[in-house]
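Open the model in your viewer and set the display to cartoon. The stops below give what to select and what is there.

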Amino acid sequence: TIFRNPREVKPYVIPFPERCNVPAAAIRATSDSIVIADINAPAAHVAQHKWQPNTPDGQGAPFLFQHGKPGAGAGSGAFIRMFKGGGPTSAGPEESPFPQALAFPMFGIRSTSIASITLDNEIITGGHVDSSIRLISVDGAKTKEIARGHCAPVTCLAISPDSNYLVTGSRDATVLLWRIHRSSIISSTPELSMNPNSSPTSMGHGQNANSAAVSRSKGRKIEGPLHVLRGHLDEVSCCAVSSDLGIVASCSLSSDVLLHSVRRGKLMRRLPGVEAHHLCLSSDGVILTWNRNLSTLNTFTLNGKLIAEKQLPSSSTVACMEVSVDGNSALVGLNPPPSCSENERVSSSVVSSDESHADDDDDDELLLLLPCLCFFDLYTLKVFHTIKLEAGQDVTAVALSTDNTNLVVSTASKQLIIFSDPSLSLKVVDQMLKLGWEGDGLSPLMK
C-alpha cells in the first residue's frame, strides 16, 4: 500500500481538469470507477469516471483513466438557475457539463462535510434548507430519496465503512443514526427506538411508534432515524460511525466529543475537554481528532484515554483525514489559512524532510510547508512521510482506493491528482502475463 512504501509514490495529474468535476467535496475510488461530488453541495454536480488502477496505460501513467461523460440531467441547468436567483452569470463563467442535483444552495449550507458517497456509488447530501438528507444517483444526479428527521439543516454527515449506517449532525444540536439498505430486501424488524417526528403522546406507545416508522421506511434505502443521539448543546460540527465498533462519535461547537452506542442509541462516554472540528474512527477503535483553535491532532481510546498528541503548524487547516485499512496509519490533508499569502506560506513554515522527521520525532510541534499531505503513525502521531503540494493546490478532498494502493486528491486549483507507485503496476502486469493474460501491449481495452 502507499502507507508501506510512500517514498515510491509519484503524482500523476489527470489532463483536461475541466472534465474532472473538481474541486470535489467527496470522492470514492473503486476498482473500476472514481465518483466525484463537487463542492457545490448540497446542489452538487456528480461525475463518474472509469479507471483501472495499477494497470499501465502505455503512456507513462500506471493506471487507465477515462473521463466521465456528461449525463442527461445537465439540461436541467435553467431550472436550477431559476432557484439560484439569476441567469448564467450567477452560475459562474464555467458552467459544469455534469448533471447537478436539485437543491436550494442559496438558503442552505455549503460545506465539504455535507456530502458522502456509499459503496453503491450513491451520493448522500445534507445542508438543505428543508432540513432533509437526500440520496442522489450517480447517473444523472437524480434525487432518489428524501428523508427528514432534523428540525434544522444538516451540518455534517458520515457513512460507516461498510455503508450500513449513516449519521447526521444538525444545527438543532442532535445527531441522528440511519440505516442504509444496500439491497432490495428491506428488513421487517428494524431497530427503531425513537421517531423525532412523533408527538410525545405517541411515543408513549413504543409499539405504535415503531410500527408507524417502519411503514414510512418500507421499501426505502435510507431507513430511520433509528436513534436520536442527544447530549450536545450547540450545532454539531463533525461526526463518524463504525458498524464494527458499534460506535457513533460526534462533537459540537460548544461541547465535548460524545460516544454513543449504535445498537441502543445510549450515551456511552463523554471525552471531557476534547473539542474536535474533524474526527474519524479507526478499525481498532482509535479516535483521531483535530482541534482548529489549538492546531493539534490527538488520538484517544474508546475509553477516552489520550494516546498521542501532535502540534500542527500554527493556523493550519485540516481539510480531510483518512485512516488506512489496517488501522495503523492516517493520512491528513493540511492547508494554509485562507488569508495566508504565498510569501507567508513559505516564511511561516519550515520544510521538514523525511529524515528530519525520523530524527526529531520527540518534537512537539510539526514544521511543514503548506499545503501538503502528511502520513502519520496513528498510535504515536509521528510523521513518516510528507507529500508537498504547490502553492494554491489546497486539498479539498481525498480518497483511498479499496486496497490502499492509490490516492486520489482534489485541489482548490481544480486539479485531480492520483498518487500511485508505478512499480506496483508493472508487478501486477508481470503477474497477469504469467497467468496467461493477453492484451494490446500495455493498454488493454477498458470495458
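Select residues 287–291 and 296–300: these are strand 19 and strand 20, which run antiparallel and are joined by five bridges. Strands here are DSSP runs (E, at least two residues), numbered from the N terminus, and two strands pair if DSSP finds at least two bridges between them. For one bridge of this pair, show asparagine 291, whose partner in strand 20 is threonine 296.

A note on the source: this is a predicted model, in which local features need pLDDT of at least 70 and side-chain atom pairs count only at pLDDT 80 or more, while totals for chains, interfaces and linings use all residues. Residues are numbered from 1 along each chain as its sequence is written, and side-chain values use heavy atoms, with hydrogens and water left out.

Now widen the selection to the open sheet of four strands, in the order 18-19-20-21 with antiparallel pairing. Its edges are strand 18 (278–281) and strand 21 (306–311); each has a single partner strand, so one side of each lacks a neighbour in the sheet. From one strand to the next, the twist averages 15° (axes are lines fitted to C-alpha atoms, for helices over the stretch in contact, and angles run from 0 to 180 degrees between N-to-C directions).

Go next to another open sheet, formed by four strands in the order 22-23-24-25, again with antiparallel pairing. Strand 22 (317–323) and strand 25 (383–388) are the edges, and each is left with one side without a neighbour because each has a single partner strand. Neighbouring strands in this sheet are turned by 20° against each other on average, direction ignored. Inside it, select 329–335 and 372–377: strand 23 and strand 24 pair in the antiparallel sense over six bridges. One position to label is glycine 333, with leucine 373 as its bridge partner in strand 24.

The last stop is strand 12, residues 175–180. How many of its residues are buried? Six of its six are, where buried means under 20% relative accessible area, exposed over 50% and partly exposed in between (1.4 Å probe, protein chains only). In a regular strand the side chains alternate between the two faces of the sheet. On strand 12 both faces are covered, with Val175, Leu177 and Arg179 on one side and Leu176, Trp178 and Ile180 on the other.

Add strand 11 (residues 165–170), which pairs with strand 12 in the antiparallel sense over five bridges; glycine 169 stands opposite valine 175. Four residues lie between the strands of this hairpin, where alanine 173 takes a positive phi near 70°. Then add strand 13 (residues 222–229), antiparallel to strand 12 over five bridges, with isoleucine 222 opposite isoleucine 180.
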